[in-house]
Amino acid sequence: MKWHISHVFRITTWLLFCALPVVTLAPQAVAGKESIRLVVAFSPGGALDSATRALAREAEKELGLDIIVQNTPGGAGMTAVAQLAESEADGLHLAACAGNALLFLPHRNLVPYDPLRDVEPLLVFGQASPVLVTRPDAPWKDMASFLEATRKNGGKMRIGVPGLGTPSHTALAMIAAKDKTLSWRFIPFGGPGEAEAALLGGHVDAAASGALPRIRQGQLFPLMILAGTGPDALPQTPSLSDGGFADPGRGDASFFLLAPKNVPEKMLNRLSPAFEKAARSEAFLKELEHFSVAPVLKNRREAKAFLIEAWKEEEAALKAAGLAE
């Protein structure tokens, strides 16, 4: 099975980006001083959004600058990264995205940026393990029965994902690519929070989530961890490896903090240590406990090397799954 973002979707997303007023790209002034504009690549309510906001609160203490966090969903993270690549290289424009926007999407689609040249990784600050969830009253009580229902319904089952090309969508697409008896209708949303709301409203049959409190409280029922291994918080939920499925890779589900290319070294050396310290803070680590996100931390040098390595791994994994030439 091959999957592509439609030309209409890609063109529409890019036109919307181009139509944004220029003023939104400028850092805001707060109390007469410069401030950092940090864009989150998904809508509010998900793991990336919450983790980024916690990171920003802690980094503000180190930098002495206000950090204004704004959400720019669209294109599975492509819109936010594209905006960043066109931003002024002053260190006051940053973005947080999942690695899929730097790896899967550029390998599979035409994107208006080069992830290895147009942006500068400052930090990797988490490793997500998306969870395929359903409603507690759903007729399928495990992944085996969900797959059986998928086969019986002949492609009619709907799964809400936080954008086409996101790690959860990639994992499920790779499963379907290997097993021709499986076919789902993927319904893209601006983030996992929207996908969860659609599931609880009965608009989809399953959704990709990472909200551990909702799972613990019984509002959502976990079927499978859409990663090679699962978080300690869900020991009874099988992972992709447990089910004999391919892991789409660590890079796609990693949280990256990015700057545009050509930011002065002096500014990078100011930003990087501040965000690294923020990612080690108790408040930030506490926030991650609400989601299926491991506290993986890579500094600027390590993040750059990791991105280059993950780029090569992504290409090999997609070719093995028949999703790349």
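**Exercise 1.** Which residues does L172 touch, not counting residues up to four places away in sequence?

*Solution.* Before starting, note that this is a predicted model, in which local features need pLDDT of at least 70 and side-chain atom pairs count only at pLDDT 80 or more, while totals for chains, interfaces and linings use all residues. Residues are numbered from 1 along each chain as its sequence is written, and side-chain values use heavy atoms, with hydrogens and water left out.

Step 1: place L172 in helix α6, residues 167-178, where helices (H or I, at least four residues) and strands (E, at least two) are DSSP runs numbered from the N terminus.

Step 2: list its contacts, that is, heavy atoms within 4.5 Å; L172 touches L132, I159, W184, F186 and L226.

Step 3: check its exposure, taking buried as under 20% relative accessible area, exposed as over 50% and partly exposed as in between, with a 1.4 Å probe and protein chains only; L172 has a relative accessible area of 0% and is therefore buried.

**Exercise 2.** Find which helix gives the most residues to the largest nonpolar core.

*Solution.* Step 1: recall that a nonpolar core is a set of buried Ala, Val, Leu, Ile, Met, Phe, Trp, Tyr and Cys residues joined through side-chain atoms within 4.5 Å.

Step 2: among the 39 residues of the largest one, L63, I67, L94, F125 and F275 touch the most other members.

Step 3: the elements that each supply at least two residues of this core include β1 (35-40), α2 (47-63), β4 (119-128) and α9 (265-279), and α2 gives the most, with eight residues.

Step 4: apart from this core lies another, of 27 residues, including V81, C97, Y113 and V119.

**Exercise 3.** Determine on which side or sides of helix α11 the buried residues lie.

*Solution.* Step 1: compare lengths, the expected span being 1.5 Å times one less than the number of residues; the 21 residues of α11 (300-320) should span 30 Å, and its end C-alpha atoms are 30 Å apart, which agrees.

Step 2: list the buried residues of α11, which are R300, A303, F306, L307, A310, E314 and L318.

Step 3: measuring the arc by the directions from the helix axis to the C-beta atoms, these residues cover only 105°, so they lie on the same side of α11.

Step 4: on the other side of α11, R301, K312 and A320 are exposed, whereas what covers the buried residues includes α4 (104-108), β4, β10 and α9.
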